[in-house]
Amino acid sequence: MFSEHAMHGCDALLTGEDNTKQGGNTMKLNVIGRQMNVFEETKQQIAKKLAKLDKFFPTEGEATVTLSRKHGASRVEITINAAGTLYRSEQDADDFREAIDRCVSIIERQIRKNKTRLAKRLRET
């Protein structure tokens with residue numbers, strides 16, 4: 001599901017596509033570990049959490065997830081590009097699971113807010 005490629009310095013880029021959704025669009029997923037290796041369990045959890053967001057995108061989107069540790073805190077940055085619209089969240093937490101959950105909920109809120117704003121604009125015209 002994921003293949004590992006070497007990047008500059010100690011960074012590792014892990015890429016793969018989440019193919020759990022049958023007959024629909026799936027999000028292309030890039031997982032980057034900054035100066036660390038990302039465990040398969042963490043990659044699977046990220047893919048599972050981001051699969052929830054597939055329902056919002058009529059076309060295929062691309063998600064970039066960056067994981068890093070700084071001063072004992074786990075940092076997760078998620079950027080999603082779907083149909084030319086960027087959604088981004090960055091969270092620090094004690095562990096990656098908590099930070100991933102926070103990022104996904106923030107991005108889901110951004111998506112809902114944007115869709116509501118577009119629908120309201122269409123109704124006014």
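Over which residues does pLDDT stay under 50? The stretch is residues 1–23, and for these residues the model has 57 contacts beyond four places in sequence. Keep in mind that this is a predicted model, so those contacts come with low values of pLDDT, the predictor's confidence in each residue.

Let's look at confidence across the protein. The mean pLDDT is 79, and 80% of the residues reach 70 or more. The elements at the two ends of the scale are set out here:

| Element | Residues | Mean pLDDT | Place among the elements |
|---|---|---|---|
| Strand E1 | residues 2–6 | 35 | lowest |
| Strand E6 | residues 85–93 | 93 | highest |

Now let's visit one residue, glutamate 77. You will find glutamate 77 in strand E5, which covers residues 73–82. The side chain of glutamate 77 shares a polar contact of 3.3 Å with the side chain of arginine 88. Once neighbours within four places in sequence are set aside, glutamate 77 touches Thr64, Val65 and Thr66, along with Arg88, Ser89 and Glu90.

Our last stop is the largest pocket, which holds about 230 Å³ of space. It is lined by 13 residues, and those closest to its centre are Phe39, Thr42, Arg69, Phe96 and Arg97. Which elements each supply at least two residues of this lining? They are helix H1 (40–51), strand E4 (62–70) and helix H2 (96–124). In character the lining is mixed: six of its residues are nonpolar, three are polar and four are charged.

How values were computed:
Residues numbered from 1 in each chain as written. Heavy atoms only, no water. Helix = DSSP H or I, 4+ residues; strand = E, 2+ residues; numbered from the N terminus. Polar contact = N/O pair within 3.5 Å; in protein donor to acceptor, adjacent residues only side chain to side chain. Contact = heavy atoms within 4.5 Å. 1 Å grid on protein atoms, 1.4 Å probe; cavity = no way out; pocket = protein on both sides within 12 Å on 5 of 7 lines; lining within 4 Å. Points joined across faces, edges and corners; volume = space filled by probe spheres on them. Nonpolar A, V, L, I, M, F, W, Y, C, P; charged D, E, K, R; others polar. pLDDT = per-residue confidence, 0-100.
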